Amino acid sequence: MSVDANTSANTSEPGGIGFFEKWLSIWVALSIAAGLILGELFPSLFGTLAALEYAHVNLVVAVLIWAMVYPMMVSVDFSSISHVADEPKGLLITLVVNWLIKPFTMAVLGVVFFKYLFADMMSAADADSYIAGLILLGAAPCTAMVFVWSQLTRGDANYTLVQVSVNDLIMVVAYAPIVGLLLGVTDIPVPWDTLILSVVLYVVVPLVAGYLTRKALVSGSKTDEAVAEFTSKLKPISVIGLLATVVLLFGFQGGVILSQPILIALIAIPLLLQSYGIFAIAYVAAWVMKVPFRIAAPCALIGTSNFFELAVAVAIGLFGLNSGAALATVVGVLVEVPVMLSLVAFAKRTRQHFPA
C-alpha cells in the first residue's frame, strides 16, 4: 500500500490513521477468506493464473506488486538525504538495527521455531520454506507505513523522510546479499539469478520510475503538492494491488491452509517475537543515548515494521506462489497493523522518559 510521504513529512501535528490503514488487518483477513473460498470453488482458474509466468516471475503478481510499490517510491524525496547529518544518533540506531541486527535475529528465530520447536509438526522442506519467508521479511525495513506510525507518535516528519530515503538506497545494494547469505547459512538453496532479478524488478525499477515521476511532477508544478495529489490518486490502485495479491496467494494455498489451520498461528509466533524484540532494542538504545522522543519513536518503529510488499514479491519469484515462503510473508501482512498500533500506544505512554 502507499502512504503519502510528502503529506506526512509536512505535517507536524498528529493526524488520524487512514481508514484503510486503520483496518488493514480486517481487509487482509477478508481477502484471506475470499482467497480460500475462491481457491476451492475455481481451482482451474488459479491454476491458469499460476502458469502465467516468465523467468520465474508470475506476470499477474508482478503487475499487482508494481501497483503497490510504485506509489510509495514516488513519495520518497531523495533530496532529503542532504539532511542526513541533522539527527546522527537516530539514524545510526536505525541503520544498525535494520541492517546489522534485524535480518539475523529473524533468521535465528525462524531456525529455532521451525527447525526445533515446531519440527514435529511439519516436514523439513516446509520448515525451510517458512524460514525463507521470514528471512525475506526480516531483510526488508518498512518504506511506507512508517510515515503513519511516525505521525501517530508525533515523530519528526523530516527525520522520518530522511531515514526512509537512506534505507531505500541501502536496500538496492544490501537486500540481495543479506538474503543470499542467510538463506545459504540456513542451508536453503539460493537461486541468485532469480533473487537479483527480483530486486531489480521490485526495488530498482520502481525506485527509478518513482524518482523520475516525482522529478517531473515537481518541475512542472514547482510545488510538492503535485506529488501528494498524484500519489493520492494512485492509492486505490495500490490498495487493490495488495488485497488482490493476498486473495491470489491464499487461493493458491487454500488446500494446505484448510488442512492445517494452526499453520497461520505457528508462523505468526516468531514474527510477533521479532517485532516486539526489535522495537525494544531500538527504543532502549534511543533512551540510553538520550535521543529526543520525536526521533526515538520513528527510528524504533521503522525497523519493527516491514516492507512486506517486497518480501511477498521476492518470495513468489524465488519459491513460487504455492510456497511456504510466500505464505509466511503474507502472514507478516496480517500481524503488522495490530502489532504496530500496540507499539505506537506504548511509545506515547512512555514519551516522558525521553528528552523533549
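Start by selecting K233 and E229: their side chains meet in a salt bridge, with N to O at 3.6 Å. Keep in mind as you click around that this is a predicted model. Both residues sit in helix α11, which covers residues 225-252. They are 4 residues apart, about one turn of the helix. Now colour the pair by accessibility. K233 has a relative accessible area of 60%, so call it exposed. E229 comes in at 48%, which makes it partly exposed, since the exposed class begins over 50%.

**The other salt bridges**

How many salt bridges does the structure hold? There are 3. Select D128 and K115 for another one, where the closest N and O atoms are 2.7 Å apart. This pair links distant parts of the chain, with D128 in helix α7 (residues 124-138) and K115 in helix α6 (residues 88-117). The two residues are 13 apart in sequence. K115 counts as partly exposed, at 33% relative accessibility.

Next, go to D156 and R294, a salt bridge with its closest N and O atoms 2.6 Å apart. Here the pair spans 138 residues of sequence. D156 is in the loop between α8 (146-152) and α9 (157-185), while R294 belongs to helix α14 (residues 293-304). R294 is partly exposed, with 31% of relative accessible area.

Stay on D156 for a moment and show what surrounds it. Which residues does D156 touch, leaving out those up to four places away in sequence? The list is S150, R294, I295 and P298. If you draw polar contacts as well, you'll find the side chains of D156 and R294 joined by one of 2.6 Å.

**A nonpolar patch on the surface**

Switch to a surface view and select V63, W66, W192, I196, V200 and V205. Together these residues form a nonpolar patch with about 520 Å² of accessible area. Two elements each give two or more residues to the patch: α5 (59-75) and α10 (192-221). Which element gives the most to the patch? That's α10, with 4 residues. For a single residue to look at, try V205, which is found in helix α10. V205 has a relative accessibility of 40%, so it counts as partly exposed.

**A buried serine**

Now turn to S31 in helix α3, which runs over residues 24-41. Is S31 buried or exposed? It is buried, because its relative accessibility is 7% and the limit for buried is under 20%. To see what lies against S31, show L243, V246 and V247: S31 touches these three, setting aside residues up to four places away in sequence.

**The aromatic rings**

For the last stop, show the aromatic side chains. The count comes to 9 aromatic pairs. Zoom in on F279 and F346, with ring centres 6.2 Å apart and planes at 80°, an edge-to-face pair. F279 is in helix α13 (residues 263-288) and F346 is in helix α16 (residues 324-349). That makes this another link between distant parts of the chain, 67 residues apart. The two partners fall into separate accessibility classes: F279 is buried at 3%, whereas F346 is partly exposed at 36%.

Then select Y283 and F354. What is the arrangement of the rings of Y283 and F354? Their centres are 4.8 Å apart and the planes meet at 45°, so the pair is tilted. Y283 lies in helix α13 and F354 in the segment after α16, so the pair ties together parts 71 residues apart in sequence. Y283 is buried, with a relative accessible area of 6%. F354 is buried too, at 10%.

To finish, add F293 to your selection and display F279, Y283, F293, F346 and F354 together: ring pairs link these five residues into a cluster. Helix α13 supplies F279 as well as Y283, so that helix is a handy place to centre the view.

Conventions. Residues numbered from 1 in each chain as written. Predicted model: local features only at pLDDT ≥ 70, side-chain atom pairs only at ≥ 80, totals over all residues. Heavy atoms only, no water. Buried < 20%, exposed > 50% of the residue type's maximum accessible area, 1.4 Å probe, protein only. Contact = heavy atoms within 4.5 Å. Salt bridge = Lys/Arg side-chain N within 4 Å of Asp/Glu carboxyl O. Patch = residues over 30% accessible without salt bridge, like charges linked within 9 Å, V, L, I, M, F, W, Y side chains within 5 Å. Areas by Shrake-Rupley, 256 points an atom, 1.4 Å probe, with all protein chains shown as cover. Polar contact = N/O pair within 3.5 Å; in protein donor to acceptor, adjacent residues only side chain to side chain. Phe/Tyr/Trp six-rings, centres within 6.5 Å; stacked < 30°, edge-to-face > 60°.
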